[in-house]
Amino acid sequence: MNRKHTDQVQQYKQQEDEWNKYILSTFNSHHFVYQTGKWINAHIDEVIEKRKIAELWLEILYVPTKNDIANLANKVIKHEDRVDFLEDQLFSLNKERRKTIEVLKRTNSEITLLKNFLESEVKQENPKTELALLKEELVGLIVGL
């Protein structure tokens with residue numbers, strides 16, 4: 001039984017070798033390669049014609065073609081980039097605005113403090129006596145020269 005099995009395996013291997021030689025001799029020839037090239041070129045021409053016809057029908061029916069969708073996608077990508085850039089600029093401007101508001105608040109607070117101080121100084125001293133003191137000081141400086 002084992003010998004029968006071995007004979008069948010040998011027979012299949014021999015048959016496989018013969019088929020491989022036949023296939024190799026058929027497909028490894030100049031004529032086959034040339035005919036296959038002609039068939040591929042004819043197929044490509046047919047595909048191109050069918051695509052042109054399909055695009056014409058799509059255009060007649062106002063249906064977007066693959067190229068229309070690709071162009072639209074490119075425009076969307078460009079606009080997304082621009083929107084991202086504008087969002088970044090807005091973020092930076094808002095950040096600067098917040099800083100400026102803080103500086104203005106501090107400045108306003110300091111001005112209010114200064115105003116309150118000056119008002120209290122004016123209320124405390126009599127302007128006439130202050131003026132007289134300044135006049136005396138000025139006379140003293142002039143005499144000292």
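# A walk along the helices

Start by selecting helix α2: at 1.5 Å a residue, its 31 residues should span 45 Å, and the C-alpha atoms at its ends are 45 Å apart, so the two figures agree. Keep in mind that you are looking at a predicted model. Colour it by confidence if you like: the mean pLDDT of the protein chain is 88, with 94% of its residues at 70 or more. Among the elements of the chain, α2 has the highest mean pLDDT, 93, while helix α4 (residues 127-144) has the lowest, 78. A word of caution for colouring like this: where pLDDT is low, the predicted coordinates should not be read in detail.

**Stop one: a salt bridge on α2**

Stay on α2 and pick K50 and E46. They form a salt bridge, with the closest N and O atoms 3.1 Å apart. Both residues sit in α2, four residues apart, which is about one turn of the helix. Why does that spacing suit a pair? An α-helix has 3.6 residues a turn, so residues three or four places apart point the same way. Now switch on the surface: K50 counts as exposed, at 53% relative accessibility, whereas E46 is partly exposed at 43%.

**Stop two: the loop after α2**

Move on to Y62, in the loop between α2 and α3. What is there to notice about its backbone? Y62 has a positive phi of about 55 degrees although it is not a glycine. With 76% relative accessibility, Y62 counts as exposed.

Next, select T65, which lies in the loop between α2 (30-60) and α3 (66-124). Is T65 buried or exposed? It counts as buried, because its relative accessibility is 11%, under the 20% cut-off. To see some of what surrounds T65, show E55 and L58: leaving aside neighbours within four places in sequence, those are the residues T65 contacts.

Keep E55 on screen and add N67, which belongs to helix α3. The two are 12 residues apart along the chain, and their C-alpha atoms are separated by 9.5 Å. N67 is partly exposed, with a relative accessible area of 44%.

**Stop three: two more salt bridges, on α3**

How many salt bridges does the structure hold? There are three, and you have already visited K50 with E46. Select K99 and E96 for another: their side chains meet at 3.9 Å, N to O. They are three residues apart in α3, so about one helical turn separates them. Both ends are partly exposed, K99 at 47% and E96 at 45%.

Then slide along to E119 and K115, whose side chains meet in a salt bridge at 4.0 Å, N to O. This pair also lies in α3, four residues apart, about one turn of the helix. E119 is partly exposed at 37%, and K115 is partly exposed at 48%.

**Last stop: aromatic rings**

Finally, look for the aromatic pairs; the count comes to two. One is W19 with Y22: the ring centres are 6.1 Å apart and the planes stand at 90 degrees, so the pair is edge-to-face. W19 and Y22 are three residues apart in helix α1 (residues 2-27), so they are separated by about one helical turn. Both W19 and Y22 are exposed.

F27 and F32 also pair: their ring centres are 4.6 Å apart and their planes lie at 65 degrees, so this pair is edge-to-face too. F27 counts as partly exposed at 43% relative accessibility, and F32 is partly exposed at 30%.

Methods
Residues numbered from 1 in each chain as written. Predicted model: local features only at pLDDT ≥ 70, side-chain atom pairs only at ≥ 80, totals over all residues. Heavy atoms only, no water. Helix = DSSP H or I, 4+ residues; strand = E, 2+ residues; numbered from the N terminus. Buried < 20%, exposed > 50% of the residue type's maximum accessible area, 1.4 Å probe, protein only. Contact = heavy atoms within 4.5 Å. Expected span 1.5 Å × (residues − 1). Phe/Tyr/Trp six-rings, centres within 6.5 Å; stacked < 30°, edge-to-face > 60°. pLDDT = per-residue confidence, 0-100.
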